[in-house]
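Visitor: I have a model open here and would like to talk it through. Could you take my questions as they come?

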Amino acid sequence: MRKIRNPNVTEMKRIVWLMWPMLLVWCTACQRGYRTAAYEAEGDTLQIEPDTLAEEPDDEVEEGRMDENFDDFLFSFIHSRRLQRERVVYPLPRTESNGETETLNRLDCKREFSFLENDFYTVFYGSTRQIDEQKQQSHERVEVEHILLDSLWMGIYSFERRDGHWLLTAIHNQDLRQGELTDFLTFYARFSSDSTFQQRSIAQPLRFSMLDSDDNNEYIEGTIDASQWASFGAEMPQGEITNIRYGQTYNPRRVVMQKCGQANGMQELFTFEKRPAGWRLVAYDN
């Protein structure tokens, strides 16, 4: 019995065979488009800002170590936008020197803490012994002070450790003349900016201690005449400085200013004493 071909079926097969290459190309393009869209979507959800990538803690263990030492936390905080988002308690109270308080629901931390991005920062102590004591103590509350010597103004940022994590909990702005270091900082504002006044405010003689350039394990100690101070080339912080209050107390007649390098870890100590004629720089250690 002879089979009779259906002309419509034959025609449909011919059309399918002609269209198959086109269908294959279209499916491949769709698959590529799907992958591209998926990668783009994944990139949107995983995008990390390049300037913060290196500073983010690798894991919870690393972040825990950072919280053990406030200085380590503060360095990470000012460089990591993620920490700036996560480590601020909102609503954040900001109190002015007149007692008025406003609450902030958002804080531009990068702008607020730009003063800590200088090459160095300063910390004030009542004695050199307090510097070593601070390193050995565990702190639960620390205040970072932003001091503007020219305008006699100070911004205070209060940090607290809660459940093992450092958090910014309050900001307080005040007149510099209301603080515990008012007398000294009023003197230092002029000392750091007036070279003639600075020369008159150096003890005679001035004690010094510094690393031997030929042997980094040895120190050179001695005294110099006040007129030789300029040859030491010590740069006095001026204008905008900082203070970190770990809980140290201050002696009304003695202040030690520690100048710390941000990148190189170098330290300079300037010891001031108040004498009958006024404040004097009495010792320099590098």
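Guide: Gladly, and one term comes up at once: helices and strands here are DSSP runs, numbered from the N terminus, with at least four residues for a helix and at least two for a strand. In those terms R87 sits in the loop between α5 (81–86) and β1. Please keep in mind that this is a predicted model.

Visitor: How many helices and strands are there in the protein chain?

Guide: The protein chain has 10 helices and 12 strands. It has 286 residues, of which 39% count as buried, and among its contacts with a separation of 6 or more, 58% are between residues 24 or more positions apart.

Visitor: Back to R87, is it buried or exposed?

Guide: R87 has a relative accessible area of 3%, so it is buried, the cut-off for that being under 20%.

Visitor: And what does the side chain of R87 reach?

Guide: The R87 side chain reaches the backbone oxygen of W166 at 2.9 Å, and it also makes a polar contact, at 3.3 Å, with the side chain of H165.

Visitor: Which residues does a cis peptide bond join?

Guide: One such bond joins Y90 and P91, with omega at about -5°, and P91 lies in the loop between α5 and β1. Another cis peptide bond joins Q204 and P205, where omega is about 5°, and P205 belongs to strand β7 (residues 202–212). As general background, most peptide bonds are trans, and most residues other than glycine have a negative phi.

Visitor: Which residue has a positive phi although it is not a glycine?

Guide: D163 is one of them, with a phi of about 50°; it is found in the loop between β5 and β6 (165–175), and because its relative accessibility is 77%, D163 counts as exposed. L152 also has a positive phi, near 50°, and its place is in the loop between β4 (141–148) and β5 (153–162).

Visitor: Let's move on to P93. Where does it lie, and what does it touch?

Guide: P93 lies in strand β1 (residues 92–95), and its relative accessibility is 27%, so it counts as partly exposed. Not counting residues up to four places away in sequence, P93 touches T101, E102, T103, T169, A170 and I171. For I171, the C-alpha atoms of the two residues are separated by 6.3 Å, although P93 and I171 are 78 residues apart along the chain.

Visitor: What about T242, which residues is it in contact with?

Guide: Leaving aside neighbours within four places in sequence, T242 is in contact with F115, L116, Y121, T122, V123, F124, E145 and I147. T242 lies in strand β9 (residues 240–245) and is buried, with a relative accessible area of 5%.

Visitor: Changing topic, why is helix α8 largely enclosed by the rest of the structure?

Guide: Helix α8 (residues 182–191) is described that way because 7 of its 10 residues are buried, namely T182, F184, L185, F187, Y188, A189 and F191.

Visitor: There are several aromatics in that list. How many aromatic pairs are found in the whole structure?

Guide: The search of the whole structure finds 25 aromatic pairs. Among them is the pair of Y188 and F272, which is edge-to-face, at 6.1 Å centre to centre and with 85° between the planes. This pair links distant parts of the chain, with Y188 in helix α8 and F272 in strand β11 (residues 267–275), 84 residues apart, and both Y188 and F272 are buried.

Visitor: Which residues do ring pairs link into a cluster?

Guide: The cluster linked by ring pairs consists of F70, F73, F77, F113, F115, Y157, F159 and W166. F115 also appeared among the contacts of T242, and W166 is the residue whose backbone oxygen the side chain of R87 reaches. Elsewhere among the aromatics, K259 lies over the face of F120, at 4.6 Å from the ring centre.

Visitor: Last topic, the largest pocket: what volume does it have, and which residues lie nearest its centre?

Guide: The largest pocket has a volume of about 560 Å³ and is lined by 29 residues, with N69, D71, D72, Y121 and Y246 lying nearest its centre. Two or more lining residues are given by each of α4 (70–79), β3 (120–125), α7 (129–136) and β10 (254–261), and the largest share, 6 residues, comes from α4.

Technical notes. Residues are numbered from 1 along each chain as its sequence is written. This is a predicted model: local features need pLDDT of at least 70, side-chain atom pairs count only at pLDDT 80 or more; totals for chains, interfaces and linings use all residues. Side-chain values use heavy atoms; hydrogens and water are left out. Buried means under 20% relative accessible area, exposed over 50%, partly exposed in between (1.4 Å probe, protein chains only). Contact means heavy atoms within 4.5 Å. Rings of Phe, Tyr and Trp (its six-membered ring) pair if their centres lie within 6.5 Å; planes under 30 degrees apart count as stacked, over 60 as edge-to-face and the rest as tilted. A charge sits over a ring if NZ of Lys or CZ of Arg is within 6 Å of the ring centre and within 35 degrees of the ring normal. A polar contact is a pair of N or O atoms within 3.5 Å; within protein, one must be able to donate a hydrogen and the other to accept it, and residues adjacent in sequence count only if both atoms are side-chain atoms. On a 1 Å grid over the protein atoms alone, a cavity is a set of points where a 1.4 Å probe fits but cannot get out, and a pocket is an open set with protein on both sides within 12 Å along at least five of seven lines; lining residues have an atom within 4 Å of a point. Grid points are joined across faces, edges and corners, and a volume is the space filled by probe spheres set on the points.
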